[in-house]
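Please work through the exercises below with the sequence and the structure open beside you, and try each task before reading its solution.

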Amino acid sequence: MLPAIKDYRALARRRLSRFAFDYLEGGAEDGRSMARNLASWGDVTFLPRAMVDVSQVDTSVTLFGRKQAMPAFVGPTGLNGLYWPQAEQVLARAAHAAGLPFVMSTASTSLLEDVRAASPGDLWLQLYVQKDRRIAQSMMARAQAAGFSALMLTVDTMVHGKRDHDVRNGFRMPVPWTPRLLADLLSHPRWCLRMLRQGGSPQLVNLARSAGVESNIQKQAAAMSREMDMALRWEDLAWVRRHWQGPVIVKGLLSAQDAQRALQAGADGIVVSNHGGRQLECAPAPMAQLPQIADAVHGKMHIFVDGGVRRGSDMAKARALGADAVLLGRAPLYGLASRGPQGVAEVLEILRTELETTLRLLGAPQATSLNATFLQNH
């Protein structure tokens with residue numbers, strides 16, 4: 001096991017092709033939103049309590065009536081097949097072994113039915129809504145039939161943010177053959193062999209099945225990006241409710257006003273998120289927005305936050321500021337890309353042990369007891 005998440009990131013950078021690592025790591029435009037996300041966790045300062053019995057600590061939380069090992073989810077990320085074959089199955093199994101839910105992306109490279117067959121754990125579906133809403137209806141119906149327990153509706157991706165690194169690398173699916181790409185691939189033979197074992201470029205097979213699109217990544221990508229429903233409104237949450245039996249979480253909110261609108265529209269939870277800094281450049285960091293959002297809707301709905309979680313202590317900070325849990329995006333993928341299934345398991349274990357250490361040093365025997373009194377100037 002490596003010492004910290006940043007070590008898995010460094011190893012992933014060496015082992016992935018350049019365009020694959022840039023797709024995993026990069027943010028929108030000049031990367032200011034992503035940089036702000038990462039910096040925001042360091043802006044929060046703890047205020048520990050002394051002489052508290054922490055011989056036993058409990059990192060678990062209960063969300064939507066289900067107990068889980070720590071206040072985190074393995075969150076939704078797309079095109080994971082770029083990093084390891086059968087990536088979603090690997091992530092789902094690792095999440096279950098760690099006692100966490102796994103949120104599967106619409107842009108996954110595995111069928112949700114195959115992920116369910118691979119893991120008996122708690123599975124959630126992340127949903128994008130296309131202009132042809134029959135695609136989303138099919139996705140929801142398939143997930144319900146497979147026993148997925150919650151739906152995470154993402155609302156900050158009407159169009160894809162401009163990602164300079166992808167333009168610079170000529171990244172699109174299928175990946176175009178260029179001398180630069182050939183040199184990149186020749187310098188990463190192990191990664192190339194893994195891609196060949198899964199049949200070459202990963203496919204958006206989950207979306208393709210619900211969209212009725214053939215096995216052509218260009219058509220799949222078009223269905224994903226150019227066909228998004230840009231007319232989606234708060235009133236449409238009622239339409240989602242008609243097709244989903246279970247909790248509905250709205251992902252991609254950054255203001256207290258929108259959090260209150262989500263509550264009024266009937267959402268069971270929200271994710272305070274700027275999409276990992278990959279969409280709108282110069283967006284505020286979710287952690288910076290969390291306190292005001294928690295003040296507006298705390299206790300009335302579940303609040304989750306993402307954007308740059310790299311330490312177990314980040315989970316403690318999020319809980320203290322009013323979030324119920326964090327979403328893990330890039331961190332598990334660093335483990336996946338660097339060491340496969342073992343790497344994902346190790347990353348989740350590092351985060352758990354770091355959280356346990358933080359609780360002991362804070363004088364907080366239970367993760368559920370964390371609040372603003374454990375923070376300085378909050």
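**Exercise 1: Val-54 and its surroundings**

In this predicted model, Val-54 is in contact with Leu-359, Arg-360, Gly-363, Ala-364 and Pro-365, once its neighbours within four places in sequence are left aside. State where Val-54 lies among the secondary-structure elements, and decide whether Val-54 is buried or exposed.

Solution. Begin with the position in the chain: Val-54 belongs to the loop that runs between helix H3 (32-42) and strand S1 (61-63). Next, take the relative accessibility, which is 18% for Val-54; buried means under 20%, so Val-54 counts as buried. Finally, a distance helps to place the residue, since the C-alpha atoms of Val-54 and Gln-126 are 37 Å apart, with their positions 72 residues apart along the chain.

**Exercise 2: Two positive phi angles**

Find the loops that hold Glu-29 and His-275, and assign each residue to an accessibility class.

Solution. First consider the backbone: Glu-29 has a positive phi of about 50° although it is not a glycine, and His-275, which is not a glycine either, has a positive phi of about 65°. Then locate the two residues, Glu-29 in the loop between helix H2 (18-25) and H3, and His-275 in the loop between strand S8 (269-272) and H14. For the last step, the limits are under 20% for buried and over 50% for exposed, with partly exposed in between. Glu-29, at 41% relative accessibility, therefore counts as partly exposed, whereas His-275, at 14%, counts as buried.

**Exercise 3: The crossing of H13 and H14**

Describe how helix H13 and helix H14 pass each other, and say which residues meet where they do so.

Solution. Start with the axes: those of helix H13 (residues 256-265) and helix H14 (residues 286-297) come within 8 Å and cross at roughly 35°, and the crossing of H13 past H14 is right-handed. Then list the residues on either side, where Ala-256, Ala-259, Gln-260 and Leu-263 of H13 meet Gln-292, Ile-293, Ala-296 and Val-297 of H14. Sorted by class, this contact has six nonpolar residues, two polar residues and no charged ones.

**Exercise 4: A pocket, and a contact of one of its lining residues**

Which residues lie nearest the centre of the second largest pocket, and with which residues is Met-230 in contact?

Solution. Take the pocket to begin with: the second largest pocket has a volume of about 380 Å³ and is lined by 21 residues, of which Asp-156, Met-158, Gly-252, Gln-279 and Leu-280 lie nearest its centre. By class, its lining has nine nonpolar, seven polar and five charged residues. Turn next to Met-230, which is placed in the loop between helix H11 (217-225) and helix H12 (237-243) and is exposed, with a relative accessible area of 52%. Leaving aside neighbours within four places in sequence, Met-230 is in contact with Met-158 and Val-159, and Met-158 is one of the residues named above for the pocket. As a last step, relate Met-230 to the helix pair of Exercise 3: its C-alpha atom is separated by 26 Å from that of Val-297, a residue of H14 that takes part in the contact with H13.

**Exercise 5: Ala-145**

Is Ala-145 buried or exposed, and in which helix does Ala-145 lie?

Solution. Ala-145 lies in helix H6 (residues 133-145), and because its relative accessibility is 71%, Ala-145 counts as exposed. The C-alpha atoms of Ala-145 and Glu-113 are separated by 8.9 Å, although the two residues are 32 residues apart along the chain.

Notes
Residues are numbered from 1 along each chain as its sequence is written. This is a predicted model: local features need pLDDT of at least 70, side-chain atom pairs count only at pLDDT 80 or more; totals for chains, interfaces and linings use all residues. Side-chain values use heavy atoms; hydrogens and water are left out. On a 1 Å grid over the protein atoms alone, a cavity is a set of points where a 1.4 Å probe fits but cannot get out, and a pocket is an open set with protein on both sides within 12 Å along at least five of seven lines; lining residues have an atom within 4 Å of a point. Grid points are joined across faces, edges and corners, and a volume is the space filled by probe spheres set on the points. Ala, Val, Leu, Ile, Met, Phe, Trp, Tyr, Cys and Pro count as nonpolar, Asp, Glu, Lys and Arg as charged, and the others, Gly among them, as polar. Helices (H or I, at least four residues) and strands (E, at least two) are DSSP runs, numbered from the N terminus. Buried means under 20% relative accessible area, exposed over 50%, partly exposed in between (1.4 Å probe, protein chains only). Axes are lines fitted to C-alpha atoms, for helices over the stretch in contact, and angles run from 0 to 180 degrees between N-to-C directions. A crossing is left-handed if the near helix is turned anticlockwise from the far one by less than a right angle, and right-handed if clockwise. Contact means heavy atoms within 4.5 Å.
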